[in-house]
Amino acid sequence: MALRRLQRLAVAPLSFTGGATTQVLREMSTLPRVYVTRQIPPEGLRILRDSRQVQFELWDSDDVPVPRKELLQNVKGVDGLLCVLTEKIDAELLDAAGPNLKVLSTMSVGFDHLSLEELKKRGIRVGYTPEVLTDAVAELTVALLLATSRRLIEATHEAKTGGWGTWRTLWLCGYELANSTVGILGLGRIGVAIAERLAPFKVKKFIYTDVAPRPELAKAINAEYVSLDELAKQSDFLSVCCALTPETNEICNKDLFAKMKNTSIFINTSRGGVVNQEDLYEALSTGQIAGAGLDVTVPEPLPTSHPLFTLKNCVILPHIASASYSTRNAMSALAVNNLLLGLRGQPMIKELKL
């Protein structure tokens, strides 16, 4: 539904009437220049091409990010930039781009890869892609929570490697959602969507913490506002959904883990930087908490030698929360529409207010 709405909203293409082909080409050459830092999903690329409002270059790879040196060279003189979260948009890059750059559109809901102060100082408008990925991230969070709490990855390994012997009374036992307390750190659209999907599992209670109470959102899932300490103490399942900011950087650390139950399951599908991974390893390896499921880490990709990979009670995914075909296409369509509208001087569909 989100993608169909964005297709209908697609910025109307410019039309060329009369004149020779050379005239059309001349007009095209005066269009705003745009650099796209990644081979974006096809729906966004189609809208960009069909708009005929820009001339653009892109780094034509989905597997390898554009090298920094090449990125700095390719952004020189551009009017617009469409990026993904692997590109650090900082003063160095903005200096390289120069004064023509007026619009930046990121194909992400998070914006910790952007230097917002530098963008604000230079008067560059910023588009991003919230909401269209809410359902996909919520679904993946629930899947990760279940895989971690019911030890599915561990069980699959045992079945494949000969560990599956006779039936045993407590072998591979995990923890149920029924009659549990689910805590949400950072109650936004995604947190609400996660709770809505977990409610049919007969969860007893939802609690949350945020920078301030969010009564309207909380009402939708009948959630109670608590302090961070109480969130840690009460939660049987703790799902991290907050943005990465200076205030939330490593907010999940040894102090938080020490307050959690030794039967608790910790899930992070927000940003890796909100977790102190050394403290998490200690909590998992000593049995301070029962398990953790992570879709995000620091760095990404996490080196295969990292100690967290040695733990049976830690499930790590390669940042795939929004990885459904419909969602990634919707994200690319929204990012392109934001870019084109910004270059026209019109309100974006989703714009960060700096």
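Strand 7, residues 205–209, is mostly covered: four of its five residues are buried. The model is a predicted one. Strand 7 pairs with strand 6 (residues 181–185) in the parallel sense, over five bridges. Within this pairing, Leu 185 has Thr 209 of strand 7 as its bridge partner. Between the two strands the chain runs through helix 9 (residues 189–198), and this β-α-β crossover is right-handed.

Strand 7 also pairs with strand 8 (residues 223–225), again in the parallel sense, here over three bridges. Phe 206 stands opposite Ala 223 in strand 8. Helix 10 (residues 215–221) joins strand 7 and strand 8 in a right-handed β-α-β unit.

**Helix 7**

Helix 7 covers residues 134–149, 16 residues in total. Its first and last C-alpha atoms are 22 Å apart, close to the 22 Å expected at 1.5 Å a residue. Twelve of the 16 residues are buried, so helix 7 is largely enclosed by the rest of the structure. Among the buried residues are Val 137, Leu 140, Val 142, Leu 144 and Leu 145. Polar side chains are on the buried list as well, including Thr 134, Thr 141, Thr 148 and Ser 149. Arg 151 follows helix 7 and has a positive phi, near 60°.

**Aromatic contacts**

A search of the whole structure finds three aromatic pairs. One of them is Phe 111 with Tyr 128, edge-to-face, at 6.0 Å centre to centre and 80° between the planes. This pair links distant parts of the chain, 17 residues apart. Phe 111 sits in the loop between strand 4 (103–106) and helix 6 (116–121), while Tyr 128 sits in the loop between strand 5 (125–127) and helix 7. Phe 111 counts as partly exposed, at 29% relative accessibility. Tyr 128 counts as buried, at 16%.

Phe 257 and Phe 266 have ring centres 5.3 Å apart and planes at 85°, so this pair is edge-to-face. Phe 257 is buried, with a relative accessible area of 0%. Phe 266 is buried too, at 0%.

A charge also meets a ring: Arg 168 lies over the face of Trp 171, at 4.1 Å from the ring centre.

**Salt bridges**

The count comes to 19 salt bridges. The table gives examples.

| Pair | N to O distance | Separation in sequence |
|---|---|---|
| Asp 90 and Arg 68 | 2.7 Å | 22 residues |
| Arg 68 and Glu 92 | 2.9 Å | 24 residues |
| Lys 350 and Glu 131 | 2.8 Å | 219 residues |

Arg 68 bridges to Asp 90 and to Glu 92. Arg 68 lies in helix 4 (residues 68–74) and Asp 90 in the loop between strand 3 (80–83) and helix 5 (91–97), so their pair ties together parts that are 22 residues apart in sequence. Glu 92 is in helix 5. Asp 90 counts as buried, at 17% relative accessibility. Arg 68 counts as partly exposed, at 28%. Glu 92 counts as partly exposed, at 44%.

Lys 350 is in the loop between helix 14 (325–343) and strand 13 (351–352), and Glu 131 is in the loop between strand 5 and helix 7. Lys 350 is partly exposed, with a relative accessible area of 24%. Glu 131 is partly exposed, at 38%.

Salt bridges also form a network, linking Asp 95, Glu 118, Lys 121 and Arg 122.

Note on methods: Residues numbered from 1 in each chain as written. Predicted model: local features only at pLDDT ≥ 70, side-chain atom pairs only at ≥ 80, totals over all residues. Heavy atoms only, no water. Buried < 20%, exposed > 50% of the residue type's maximum accessible area, 1.4 Å probe, protein only. Pairing = 2+ DSSP bridges. Right-handed = clockwise from strand over helix to strand, strands pointing away. Expected span 1.5 Å × (residues − 1). Phe/Tyr/Trp six-rings, centres within 6.5 Å; stacked < 30°, edge-to-face > 60°. Lys NZ or Arg CZ within 6 Å of the ring centre and 35° of its normal. Salt bridge = Lys/Arg side-chain N within 4 Å of Asp/Glu carboxyl O.
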